[in-house]
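Let's take a walk through this protein chain together. Have the sequence and the 3D view at hand as we go.

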Amino acid sequence: MKYGNAAVRRPECGVERTMDVLGGRWTTLIVRELLGGTRRFSELRRALVRISPKTLTARLRDLEERGVLTRTVYAQVPPRVDYTLTPRGEALGEIIAAMARWGSAEELGAGADAGPS
């Protein structure tokens, strides 16, 4: 099955709207980490070894603006900030799980013949 531009570049397309949220290089992995529960900035940095602090901050701010996560700042020294998925963000778990299943099948070679024709 071939996919034409009309199927991909429509504002009403659910795939396009989803990619607007998850399309950043690190965004999907940040959501994956937060699916396990509330995390601090430093925990996310440790889990996502190659991400720069600047990029992580930018992605977290974007996800907060989109209503995917909440940021809770605790007034203490040193400052403590927790990140937690909102119900909207938790709903992305199904997508992340599907991606994990597909990636595992690809690793095993099961997806080699399943590409578009």
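What follows moves from the overall layout to the core, and then to a few local details.

One thing to keep in mind from the start: this is a predicted model. The chain has 117 residues, and buried ones make up 24% of them. Its secondary structure comes to 7 helices and 3 strands. If you trace the chain from the N terminus, the elements come in the order α-α-α-β-α-α-β-β-α-α. On the outside, the chain exposes about 8,200 Å², with carbon and sulfur atoms supplying 54% of that area. How much of the contact network joins residues at least 24 apart? Counting contacts between residues at least 6 apart in sequence, the share is 49%.

Now let's head inside. In soluble globular proteins, nonpolar side chains tend to be buried together. Here, the largest nonpolar core has 19 residues, and Ile 30 and Val 31 are the ones with the most contacts inside it. Several elements each give at least two residues to this core: helix H2 (14–22), H3, helix H5 (53–65) and strand E3 (80–85).

Helix H3 is a good place to pause. It spans residues 27–34 and is mostly covered, with 6 of its 8 residues buried. Which ones are the buried residues of H3? They are Thr 27, Thr 28, Ile 30, Val 31, Glu 33 and Leu 34, so the list isn't limited to the two core residues we just met, Ile 30 and Val 31. Val 31 shows how far the contacts can reach along the sequence: leaving aside neighbours within four places, it touches Leu 22, Leu 63, Val 68, Leu 85, Gly 89, Leu 92 and Ile 96.

Thr 27 is also part of H3. Is Thr 27 buried or exposed? Its relative accessibility is 2%, which means that Thr 27 counts as buried. Not counting residues up to four places away in sequence, Thr 27 touches Val 21, Leu 22, Arg 59 and Leu 63. Leu 22 and Leu 63 are also on the contact list of Val 31.

Next comes helix H4, which covers residues 41–47 and includes Leu 44. Leu 44 has a relative accessible area of 0%, so it is buried. Its C-alpha atom is 7.2 Å from that of Ile 30, although the two residues are 14 apart along the chain. Beyond its neighbours within four places, Leu 44 is in contact with Glu 33, Leu 34, Arg 39, Leu 56, Leu 60 and Tyr 83. Ser 42 sits in H4 too, but it is partly exposed, at 36% relative accessible area. Ser 42 and Val 81 are 39 residues apart in sequence, and their C-alpha atoms lie 9.5 Å apart in space.

A few local details round off the tour. Look at the loop between strand E2 (69–74) and E3, where you'll find Pro 78. The peptide bond joining Val 77 and Pro 78 is cis, with omega at about -5°. What lies over the face of Tyr 74? That would be Arg 80, at 4.1 Å from the ring centre. As for aromatic pairs, the structure holds 0.

Finally, follow the chain to helix H7, whose 15 residues run from 93 to 107. From first C-alpha to last, H7 reaches 21 Å, close to the 21 Å expected at 1.5 Å a residue. Just after H7, Gly 109 takes a positive phi of about 85°.

How values were computed: Residues are numbered from 1 along each chain as its sequence is written. This is a predicted model: local features need pLDDT of at least 70, side-chain atom pairs count only at pLDDT 80 or more; totals for chains, interfaces and linings use all residues. Side-chain values use heavy atoms; hydrogens and water are left out. Rings of Phe, Tyr and Trp (its six-membered ring) pair if their centres lie within 6.5 Å; planes under 30 degrees apart count as stacked, over 60 as edge-to-face and the rest as tilted. A charge sits over a ring if NZ of Lys or CZ of Arg is within 6 Å of the ring centre and within 35 degrees of the ring normal. Helices (H or I, at least four residues) and strands (E, at least two) are DSSP runs, numbered from the N terminus. Buried means under 20% relative accessible area, exposed over 50%, partly exposed in between (1.4 Å probe, protein chains only). Contact means heavy atoms within 4.5 Å. Accessible areas come from the Shrake-Rupley method with a 1.4 Å probe; for residues, only the protein chains shown count as cover. The expected span of a helix is 1.5 Å times one less than its number of residues. A nonpolar core is a set of buried Ala, Val, Leu, Ile, Met, Phe, Trp, Tyr and Cys residues joined through side-chain atoms within 4.5 Å.
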